[in-house]
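Visitor: I would like a close look at a single part of this protein, taken slowly and with the terms explained as we go.

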Amino acid sequence: MIIREYGREDCKAITELFYETVHTVNAKDYTKEQLDVWADGKADIDKWDASFREHYSVVAVDTYRNSKIIGFGDIDKTGYLDRLYVHKDYQRQGIAAAICDKLEPTVLGMIITHASITARPFFEKRGYVVVKKQRVERRGIYLTNYVMEKRLAG
């Protein structure tokens, strides 16, 4: 596996990975209705691409499988870790940690993320603490997540 910077050509594969991951990995913590509003399968590639280009964004690539994208993450200049997803077939192999190891050092002070119920334990193991539990509304459906932060040394 290698981790490299995001390129526009990655966007379609990333949006597909996002949809598949949400609908499989997160299915143990959210209802089908919640999953459908979280990831509806109709990602606007141009908007996603613009967001990734505004942030520091990386992709994890399986070098043994035709450079298949197996994970991605992005963080903005303020320290907001926006997205972190790993392909459903590559869970618990250290990929999310490796992505975070690339993203976290790019900011100073504090990192904030909005972690799903599923992702909360991962972030806690990395030293993030829950600031608050919240309910986020999407098209009339509520999803629970956690505002989490990690203070960086320095």
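Visitor: Where is the place of K77?

Guide: K77 sits in the loop that joins strand 3 to strand 4, where helices (DSSP runs of H or I, at least four residues) and strands (runs of E, at least two) are numbered from the N terminus. Before going further, please keep in mind that this is a predicted model, in which local features need pLDDT of at least 70 and side-chain atom pairs count only at pLDDT 80 or more, while totals for chains, interfaces and linings use all residues. Residues are numbered from 1 along each chain as its sequence is written, and side-chain values use heavy atoms, with hydrogens and water left out.

K77 has a relative accessibility of 78%, so it counts as exposed, a word that here stands for over 50% relative accessible area, with buried for under 20% and partly exposed in between (1.4 Å probe, protein chains only). If you go back along the chain to Y56, you have passed 21 residues, and the C-alpha atoms of K77 and Y56 are 7.9 Å apart in space.

The two strands on either side of this loop are strand 3 (68-75) and strand 4 (80-86), and I69 is a residue of strand 3. I69 has a relative accessibility of 12% and therefore counts as buried. Apart from neighbours within four places in sequence, I69 is in contact with R4, D10, A13, I14, L17, V59, A60 and V61, contact being heavy atoms within 4.5 Å. One of these partners, I14, belongs to helix 1, where I14 is among the residues that meet I45, W48, D49 and F52 of helix 3. For E149 the picture is another one: 80 residues along the chain from I69, its C-alpha atom is separated from that of I69 by 27 Å.

Strand 3 and strand 4 also take part in covering the buried residues of helix 4, together with further elements including strand 1 (2-5), strand 2 (56-62) and helix 5 (120-125). Which residues of helix 4 (residues 95-103) are buried? They are I95, A96, A98, I99, C100 and L103.

Between strand 4 and helix 4 runs another loop, which holds R92, and R92 is exposed because its relative accessibility is 83%. The backbone of R92 deserves a look as well, since most residues other than glycine have a negative phi. R92 is not a glycine, yet its phi is positive, at about 60 degrees. R139 can be set beside it, with a positive phi of about 50 degrees, again without being a glycine. R139 lies in the loop between strand 6 (129-138) and strand 7 (141-151), and its relative accessible area of 57% is why R139 is called exposed.

To place our loop in the whole, the protein chain has five helices and seven strands, which follow one another from the N terminus as β-α-α-α-β-β-β-α-β-α-β-β. Of its 154 residues, 47% count as buried. Among contacts between residues at least 6 apart in sequence, 62% join residues at least 24 apart. So when you look at K77 again, you see an exposed residue in the loop between strand 3 and strand 4, while I69, in strand 3, is buried.
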